[in-house]
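Biologist: I'm new to this one. Can you walk me through the structure?

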Amino acid sequence: MAGAQTSEVDMVIKSFLNAFPSVIGYVVLNGDGIPVRHHENVPYPRALMYSALLSDFLSNCKRCLRELLTGPGDSELQHVRLRTREGTEIICTTASEYTIVVIQNCTGKPWVIVDDDGGKGEG
């Protein structure tokens, strides 16, 4: 993301986070599946994990849609929404050459962020 685009992207992300307080993290992937931006609650190793697993998952979803649906425009994947047992949703949306992965709290309760080493962070 170039200089002028960076500030615009930051403004869009900041307004998105203010509009949806249930969002607990996000990762922005480029067309190659490399994380180019991530939320402060998502450490870089976790962003890499989301990137690797979900970019592969999304490419499989796109391939399956192309095989199942034959009409023009029917086989375009717009977004994927996964719900976990812990009460979070992982929402993946592709726009132009970027994919945004959003992690959302669906429990209605304050979310406690647990570090990868087992400690509790703020949240």
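Modeller: Here is a short tour, from the overall layout to single residues. Keep in mind that this is a predicted model.

Biologist: Fine. How many helices and strands does the protein have?

Modeller: There are 2 helices and 5 strands. Starting at the N terminus, the order is α-β-β-α-β-β-β.

Biologist: And what share of the residues counts as buried?

Modeller: Of the protein's 123 residues, 28% are buried. The exposed surface comes to about 8,300 Å². Carbon and sulfur atoms make up 54% of that surface.

Biologist: Which residues touch the most other members in the largest nonpolar core?

Modeller: That core has 14 residues. Val27, Val42, Tyr50, Leu54, Ile90, Cys92 and Val101 touch the most other members. Strands S1 (23-29), S4 (88-95) and S5 (98-105) each give two or more residues, and so does helix H2 (44-68). H2 is the top contributor, with 4 residues.

Biologist: Why would such residues gather inside?

Modeller: In soluble globular proteins, nonpolar side chains tend to be buried together.

Biologist: Back to H2. How far does H2 reach?

Modeller: H2 has 25 residues and spans 35 Å from its first C-alpha to its last. That is close to the 36 Å expected at 1.5 Å a residue.

Biologist: Which H2 residues are buried?

Modeller: Ala47, Tyr50, Ser51, Leu54 and Leu58. The buried residues of H2 pack against S1, strand S2 (35-38), S3, S4 and S5.

Biologist: Two of those came up in the core. What does Ile90 touch?

Modeller: Leaving out residues up to four places away in sequence, Ile90 touches Tyr50 and Leu54. Its other contacts are Val80, Arg81, Leu82, Val101 and Val102. There is another core, apart from the largest one, with 5 residues. Ile13, Val23, Tyr26 and Val28 are among them.

Biologist: And the next residue, Ile91: buried or exposed?

Modeller: Ile91 is buried, because its relative accessibility is 15% and the cut-off for buried is under 20%. Ile91 sits in strand S4. Beyond its sequence neighbours up to four places away, Ile91 touches Val80, Arg81, Ile100, Val101, Val102 and Gln104. Ile91 and Ile103 are 12 residues apart in sequence, with their C-alphas 6.5 Å apart.

Biologist: Now the strands. In which sense do S3 and S4 pair, parallel or antiparallel?

Modeller: Antiparallel, over 5 bridges. S3 covers residues 79-83. Val80 stands opposite Cys92 in S4. The two strands form a hairpin, with 4 residues between them. Gly87, in the turn, has a positive phi of about 95°.

Biologist: Which residue other than glycine has a positive phi?

Modeller: Ser96 has one, near 50°. Ser96 is in the loop between S4 and S5. Ser96 counts as exposed, at 68% relative accessibility.

Biologist: Last topic. How many aromatic pairs turn up in the whole structure?

Modeller: The search finds 1. The pair is Phe16 and Phe20, with ring centres 5.1 Å apart.

Biologist: Why is the pair called tilted?

Modeller: Because the ring planes sit at 50°. Planes under 30 degrees apart would count as stacked, and over 60 as edge-to-face.

Biologist: How accessible are Phe16 and Phe20?

Modeller: Phe16 is partly exposed, at 30% relative accessible area. Phe20 is partly exposed too, at 44%.

Terms used
Residues numbered from 1 in each chain as written. Predicted model: local features only at pLDDT ≥ 70, side-chain atom pairs only at ≥ 80, totals over all residues. Heavy atoms only, no water. Phe/Tyr/Trp six-rings, centres within 6.5 Å; stacked < 30°, edge-to-face > 60°. Buried < 20%, exposed > 50% of the residue type's maximum accessible area, 1.4 Å probe, protein only. Core = buried A, V, L, I, M, F, W, Y, C linked by side-chain atoms within 4.5 Å. Contact = heavy atoms within 4.5 Å. Pairing = 2+ DSSP bridges. Expected span 1.5 Å × (residues − 1). Areas by Shrake-Rupley, 256 points an atom, 1.4 Å probe, with all protein chains shown as cover.
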